[in-house]
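Please look through the sequence and the model below before reading on. The paragraphs that follow take up burial, cysteines, strand pairing and confidence in turn.

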Amino acid sequence: VPSMCDPSMPSSGVSCSGCGAEMQCGDSGAPGFVPAEKYRSFLSEGPAGLRGAVCQRCWALAHHGSALRLRLPPDEHRRVVSAALRRPPRHGRGPLLLYVLDVMELPDPVLPQLPALLAPDVPASGVLVVGNKVDLLPADCRGHLGRLRQRVAAACALAGLRGSALVDIRLVSAKTGYGIEGLVSRLQRSWKCAGDVYLLGATNSGKSTLFNTLLRSDYCKSRAPDIIDRATVSPWPGTTLNLLKFPIINPTCDRIFQRQERLKEEATKTEDQLSSEEKTYLNQLKKQGYLVGRVGRTFQQQKASAVIDFDPDMLSYSMDEDPRDSPKKHGEREEFTQNEVKDARWCFDTPGIVKEDCVLNLLTEKEVKLVLPSHAIVPRTFILKPGMVLFLAALGRIDYLEGEKPAWFSVLASNLLPVHVTMLSNADAIYEKHTAQEFLKVPMGGEERMKEFPPLVPQDITLKGIGTTEAVADIKLSSAGWVAVTAHAEEELLLRAYTPKGTALVVREPPLLPYISTIRGARIPGTPAYRTKKPPSFVENLRTTRSR
């Protein structure tokens, strides 16, 4: 809003503690904007006035769950990341790159761009690839995580990332904490405190969530979580606009010993021995993911954080409140001493690199929240005969055109997205009638919305079955989810798959979860659907009282 702007006021030189953009009041469409009245109010408090404040965009994300549209040049994110990596090496050593990828997005669309970012003039010391969001995927058989790791390794090799350049591959959930203690141990064991660390990855890969989780772990200097505000975490792609950082703790022999003793002690506990607070927290995480981990701190007692978590569902919103996320008054705000930071190695969060050809780029904030899975995905399996069609909301469609026998189609997508099966003869009419309506849910907004939404475009796919328990391929409908296709051995299928024009449809062979069609209940009589079945959750680093 122009009246909220004051272009005559200079930029602050202070970064937003939510997204890292420099705060300013001159342009409401640019990163770091704070309404002019608030901006002047903060400046009137003196040099510390803006510290700890967040820009209007982060405030809206945190408290309103909405992303204000920003005018950013298309390559702005790449430019910031590339410039950061080309900084002269500090401490005589180039940075370690922590590349975060969403395992559900394999083959990762940004991974092939990594060699270009790591041009000869980039003094990086290697890449540690973190496969994130493993908590959302159900185990289709024993050893599924080992197979997922192999899929990540194959994607790295395909992108030209191999040999000494690839330090390691770790599977984690930044959200539920699974694998985080192992990642911290690996970093402290091999990288120690040799240089800075940069988190890289595509938008929505979970980088900022990982940044926040590491900030509360043994990887971060013990006082830092009380001083550094957490990065804005939101489903809206590209929320981190500039570089946020925290100081890495120096893993001395004594600290590593103390940490190992803590981990050993925690591994002897059963769930019954946890405090009621810990049990409640674990149960919440188990509802959200199949794999859960407990992230602790060795060098400081966990205390209730004064920083408000960025959770739009939990926070009320008032435009009258100050866009500030720590209730501490400025006079109480802690700062690092010069001694603490003079030789510090830092862990930097970076802007997400925008995925091109991605369906999320076409969606509104409300639609993104429905499409991106936030809880453990429950597989939905259907048995289709030739002449039948499966819709995933109005974002994807698969026609079973030709084949001798029925085949199984297992949908892995947000549990909030509807799946509908119909006959080929009715499919076009259903799409025309129900798109942007409640029946197909996404997109939403009726005829007006569909005027600007691209049409579905087809791609023909031929598959040959392996057997009735093993999928032959995944049909990945951009970032809306995928359908694993299972068919009788040697059975040839002709399918036609659709996604919105300008988005990527990928046939993923081999599939990510080949035995997923076996994770199902009984057939629902009179329908092509099977009852759903949700596998149990697993908490790592916790002793089980008996096998179940």
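A residue counts as buried when its relative accessible area is under 20%, and as exposed when that value is over 50%. In this predicted model, Cys25 has a relative accessible area of 0%, so Cys25 is buried by that cut-off, whereas Cys253, at 71% relative accessibility, counts as exposed.

The cysteines invite a further look, since a disulfide is a covalent bond between the sulfur atoms of two cysteines. The structure holds zero disulfides. Cys25, accordingly, is in no disulfide, and the cysteine sulfur nearest to it, which belongs to Cys5, lies 7.8 Å away; a pair of cysteine sulfur atoms would have to be within 2.5 Å to be counted as a disulfide.

Turning to the strands, one finds an open sheet built from five of them, arranged in the order S8-S11-S15-S14-S17 and paired in antiparallel fashion. At its edges are strand S8, covering residues 380-384, and strand S17, covering residues 505-508, each of which pairs on one side only. From one strand to the next, the twist averages 20 degrees. Within this sheet, strand S14 (residues 471-477) and strand S15 (residues 482-486) run antiparallel and are joined by five bridges; Ile475, for instance, has Val483 of S15 as its bridge partner.

Finally, a word on confidence: the chain has a mean pLDDT of 83, and 82% of its residues reach 70 or more. Over residues 301-333, however, the pLDDT is below 50, although this stretch has 74 contacts in the model beyond near neighbours in sequence.

Methods:
Residues numbered from 1 in each chain as written. Predicted model: local features only at pLDDT ≥ 70, side-chain atom pairs only at ≥ 80, totals over all residues. Heavy atoms only, no water. Pairing = 2+ DSSP bridges. Helix = DSSP H or I, 4+ residues; strand = E, 2+ residues; numbered from the N terminus. Axes fitted to C-alpha atoms, helices over the stretch in contact; angles between N-to-C directions. Buried < 20%, exposed > 50% of the residue type's maximum accessible area, 1.4 Å probe, protein only. pLDDT = per-residue confidence, 0-100. Contact = heavy atoms within 4.5 Å.
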